[in-house]
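Open the model in your viewer and keep the selection panel at hand. The tour goes stop by stop, with something to select at each one.

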Amino acid sequence: RLHRYIADSRRDFLHKTSTKIAKNHSLIYVEDLKVSNMSASASGTKESPGKNVRQKSGLNRSILDQGWYSFFRMLSYKLKQRGGKLIKVDPRNTSRTCPRCGLVSAENRKSQATFACIGCGFRSNADEVGAINVLRAGRARLACGMSGAVRPLSAGTQRDRLQH
Ligand SMILES: [Zn+2]
């Protein structure tokens with residue numbers, strides 16, 4: 001009974017939150033988190049024990065607790081019903097790329113909270129940097145998918161254009 005109560009409460013929270021967000025935004029960009037990868041065991045093997053096991057297990061718990069998969073699914077259909085869109089972007093390097101100079105380095109990420117570019121010295125909150133990079137990647141993806149403007153021409157199209 002307790003498990004059902006917790007599950008119902010979580011579902012209710014996810015529904016209310018996704019409805020509220022979908023009502024107030026038409027375009028939402030999110031990292032396409034591979035939830036199953038992220039929640040994989042961090043304990044590693046006997047030969048190569050996992051790093052940050054304690055932090056990782058805490059992260060696993062919070063990812064699973066918050067039900068990201070259900071949340072994104074709800075958000076996606078609620079946006080669609082209102083003519084909006086949820087756009088997922090590749091999460092690679094979103095936390096390591098400097099939004100000022102573009103340098104990609106694991107060393108840019110000083111800690112969970114701090115981003116400090118080793119190239120140009122740009123400093124900011126790591127979550128804000130991640131959000132900027134997700135927004136840029138999402139806009140690029142949207143522009144590409146909608147207009148085809150940055151798609152390379154196929155060989156046939158290119159030949160046709162050259163002839164005319
Ligand atoms: Zn930089």
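**Stop 1: the start of the chain**

Select Leu2. It is exposed, with a relative accessible area of 61%; exposed means over 50% relative accessible area, buried under 20%, and partly exposed in between (1.4 Å probe, protein chains only). Leu2 sits in helix α1. Helices here are DSSP runs of H or I with at least four residues, strands are runs of E with at least two, and both are numbered from the N terminus.

Before moving on, two notes on the model. This is a predicted model, so local features need pLDDT of at least 70 and side-chain atom pairs count only at pLDDT 80 or more, while totals for chains, interfaces and linings use all residues. Residues are numbered from 1 along each chain as its sequence is written, and side-chain values use heavy atoms, with hydrogens and water left out.

Now add Tyr5 and Ile6 to the selection. Together with Leu2 they make a nonpolar surface patch of about 350 Å². Patch residues have over 30% relative accessible area and no salt bridge; nonpolar side chains (Val, Leu, Ile, Met, Phe, Trp, Tyr) are joined within 5 Å, like charges within 9 Å. The areas come from the Shrake-Rupley method with a 1.4 Å probe, and for residues only the protein chains shown count as cover.

**Stop 2: along helix α1**

Select Asp12 and Lys16. They form a salt bridge, with the closest N and O atoms 3.1 Å apart. The term requires a side-chain nitrogen of Lys or Arg within 4 Å of a carboxyl oxygen of Asp or Glu. Both residues belong to helix α1 (residues 2-24); because they are four residues apart, about one helical turn separates them. Lys16 is exposed at 57% relative accessible area. Asp12 is partly exposed at 38%.

**Stop 3: the whole chain**

Zoom out and colour by secondary structure. The chain has six helices and four strands. From the N terminus, the order is α-β-α-α-α-β-β-β-α-α. Of the 164 residues, 23% count as buried. Turn on the surface: the chain exposes about 12000 Å², and carbon and sulfur atoms supply 53% of it. Now consider contacts, meaning heavy atoms within 4.5 Å. Among contacts in the chain with a separation of 6 or more, residues 24 or more positions apart account for 51%.

**Stop 4: Gly84**

Select Gly84, in the loop between α4 (68-81) and β2. Is Gly84 buried or exposed? Gly84 is buried, with a relative accessible area of 14%. Leaving aside residues up to four places away in sequence, Gly84 touches Ser26 and Leu79. Draw a distance from Gly84 to Ile28: their C-alpha atoms are separated by 8.3 Å, with these positions 56 residues apart along the chain.

**Stop 5: after strand β2**

Select Asp90 and Arg92. Their side chains meet in a salt bridge at 2.6 Å, N to O. Asp90 is partly exposed, at 41% relative accessible area. Arg92 is exposed, at 65%. The salt-bridge count comes to two.

Move to Asn93, in the loop between β2 and β3. Its phi is near 65 degrees, a positive value in a residue other than glycine. Most residues other than glycine have a negative phi. Asn93 counts as partly exposed, at 32% relative accessibility.

**Stop 6: the zinc ion**

Select the zinc ion. Which residues are its protein donors? They are Cys98, Cys101, Cys117 and Cys120, each through SG, lying 2.3 Å from the ion. Donors are N, O and S atoms within 2.8 Å of the metal (3.2 Å for Na, K and Ca); water is not among the atoms, so sites may look incomplete.

The donor residues are spaced C-x2-C-x15-C-x2-C in sequence. One pair links distant parts of the chain: Cys101 lies in the loop between β2 (85-89) and β3 (114-116), and Cys117, 16 residues apart from Cys101, in the loop between β3 and β4 (123-125). Cys101 is partly exposed at 42% relative accessibility, whereas Cys117 is buried at 6%.

Why is the arrangement tetrahedral? Because the four donor atoms subtend angles of 106 to 114 degrees around the zinc ion. Four donors count as tetrahedral if all angles lie between 85 and 135 degrees.

**Stop 7: strand β4**

Finish at Asn125, which lies in strand β4. Asn125 is partly exposed, at 34% relative accessibility. Add Ala113: the two C-alpha atoms are separated by 5.8 Å, and the residues are 12 apart along the chain.

How values were computed:
Four donors count as tetrahedral if all angles lie between 85 and 135 degrees; four count as square planar and six as octahedral if opposite donors are over 155 degrees apart and all others between 65 and 115; anything else is irregular.
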